[in-house]
Amino acid sequence: MARNKGASLFNLKLLNQLQIRRVIYYNGPLTRQQIANELGVSLPTVTTNVAAMLADGLLTEYEGESTTSHAGRRPQLVDFNADSRFAVGLEFGPYGAFACVTNLRGRILYKKELSSPSKNYERMLIDVSTQCQMIIRESKVPPHQVLGIGVGLPGFIDSQRGTVRTGLYSSWADRELAADLRRQTYLPVWIDNNARMRTYWREMFSGRDTPSTFVYLFVSKGIACPLMIKNDILAGKHASAGEIGHTTILPDGPICPTCGRKGCLESLSSEAAILAQVQATLGHDTTWDIQKVLMAQRQGNSTVCDIMKQAVGYLGLAAANIFNFISPNLLSIDGLIFENEENRKELIEVVQSNLFGLSTEEAKIEFLPHNSYSGASGAAAFVVRQSLLA
Ligand SMILES: [Zn+2]
C-alpha cells in the first residue's frame, strides 16, 4: 500500500512537471504564479517542480520588467533553456533527403542535404545511423544532450507504433522503422508523416503566433492536410486523418496513381498532376519541372496559366470544404506553387466564394515561404515534443 502511494506521488510529480513544461513552452516566459494560475495548482507545487527542472538545466530564470511604477522586486520569469537539449531531424521526401540539428526552440545549428535513402531496408538502416552519428559529430552539440532523432516520411505512417504502413518504397512497408533505428543509433527515435512534421514545425519552431487549432495544407508532389486540434495532431483511429489528397473532387477526373480512383484532389492539383498535365499538353520531350512550370506561368504562357488556374481552383474548393467542415482558426498553406502571386489570389478567391456561414475574415489563410528544411526541422520539433511535452 505504502509503495503504491509512493508510486502515485512519483507519477503525480512527473505529471506536474509535464504540465508545467507544456505551459512554459507554449506561453513562456512566465512567473511561477502565472504558471500556478494557468494550471490551477498551488504555488508551492510549481516552485518545487520548477526548482527540479532549473537544477537539471532544462529551465532558466531571469528578471522581467517590473509591471508597476513602484520600485520593487522585479518578477522572476521562468523559461526553457533553449540550448540545454538538442534534437536531430531528418526528412526523406519525394524531392530529396534533408537533415538538421536544432535546439529546443528551433534554432538550426547544423543542416545538410543527404543522399536519398536506399530502397533496401537493411542497407538504409545502416546508412541512416551512420549519417546520424556524422550529423551529431559535425554539429558539435554535446552527444549526451541530444534528445533523439525524428524522421519524417511521405505516406501512411503509424507514429504510435513507429511503423511505415505504406511509404516511399514498398520494401519498407510494415517494418518497425523507429525501433530498428533506435537499435542502430542507441538514441530514441520517432517517425511520422512528413506533412505532419511540417505542422509541428509551424506550431513549435516557426517563430510565428500559432493558434492551438489550425490546419496545414501541404501541396507538394502529393497533397496532405494534417489537423492540429488544441495542440495535438488528430491522427484518427487508423492514423489516416488529414489525407485530403485522396478525397474525390471530380468523379470523372484523371486516375490517381496513388489511390487508383478517379478525380481525387491529388490527381488534379498536386505538383505531379500539374506536371503531367503540362507534359501531356506541351510535350514530354521537354525537361519540365515545377520551377519551370511556375516560370512559364509568370511569363504568361497561356496553356500553363490555364492548367494552374484549374489546379489551384480545385485546391480552393478543397480548402473551402475544410473551413466549412471544421472551421479552423487558420489554414496554413505550404506549397511551391503559391510562390506565384496569381495562384495565391486565385485560391483566396475560390475559398471566399465557397464559404458557408463564415465571413472572409473568419477564414484566415496564410501562405508559408517555401523552405526545404521545414520538414527536417519539424522532425526535430517532434523529438522535443515527444521527449518533453507529451
Ligand atoms: Zn488519389
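Nonpolar patches join Val, Leu, Ile, Met, Phe, Trp or Tyr side chains within 5 Å, using residues with over 30% relative accessible area and no salt bridge (a side-chain nitrogen of Lys or Arg within 4 Å of a carboxyl oxygen of Asp or Glu). The model here is predicted, so local features need pLDDT of at least 70, side-chain atom pairs count only at pLDDT 80 or more, and totals for chains, interfaces and linings use all residues. Residues are numbered from 1 along each chain as its sequence is written, and side-chain values use heavy atoms, with hydrogens and water left out.

**Exercise 1.** Find the residues that make the nonpolar surface patch, then look at Leu234.

*Solution.* Step one: Ile229, Leu234, Phe325 and Ile326 make up a patch of about 390 Å². Step two: Leu234 is partly exposed, because its relative accessible area is 40% (buried is under 20%, exposed over 50%, partly exposed in between; 1.4 Å probe, protein chains only).

**Exercise 2.** Work out which atoms hold the zinc ion and what geometry they give.

*Solution.* Start with the donors (N, O and S atoms within 2.8 Å of the metal, or 3.2 Å for Na, K and Ca). They are ND1 of His246 plus the SG atoms of Cys256, Cys259 and Cys264, at 2.0 to 2.4 Å. Along the sequence, the spacing reads H-x9-C-x2-C-x4-C. Now the angles: they run from 98 to 118°, so the site is tetrahedral (four donors, all angles between 85 and 135 degrees).

**Exercise 3.** Are Cys256 and Cys259 buried or partly exposed?

*Solution.* Cys256 has 2% relative accessibility, so Cys256 is buried. Cys259 reaches 25%, so Cys259 is partly exposed.

Notes. Four donors count as tetrahedral if all angles lie between 85 and 135 degrees; four count as square planar and six as octahedral if opposite donors are over 155 degrees apart and all others between 65 and 115; anything else is irregular. Patches are made of residues with over 30% relative accessible area and no salt bridge: like charges are joined within 9 Å, nonpolar side chains (Val, Leu, Ile, Met, Phe, Trp, Tyr) within 5 Å. Accessible areas come from the Shrake-Rupley method with a 1.4 Å probe; for residues, only the protein chains shown count as cover.
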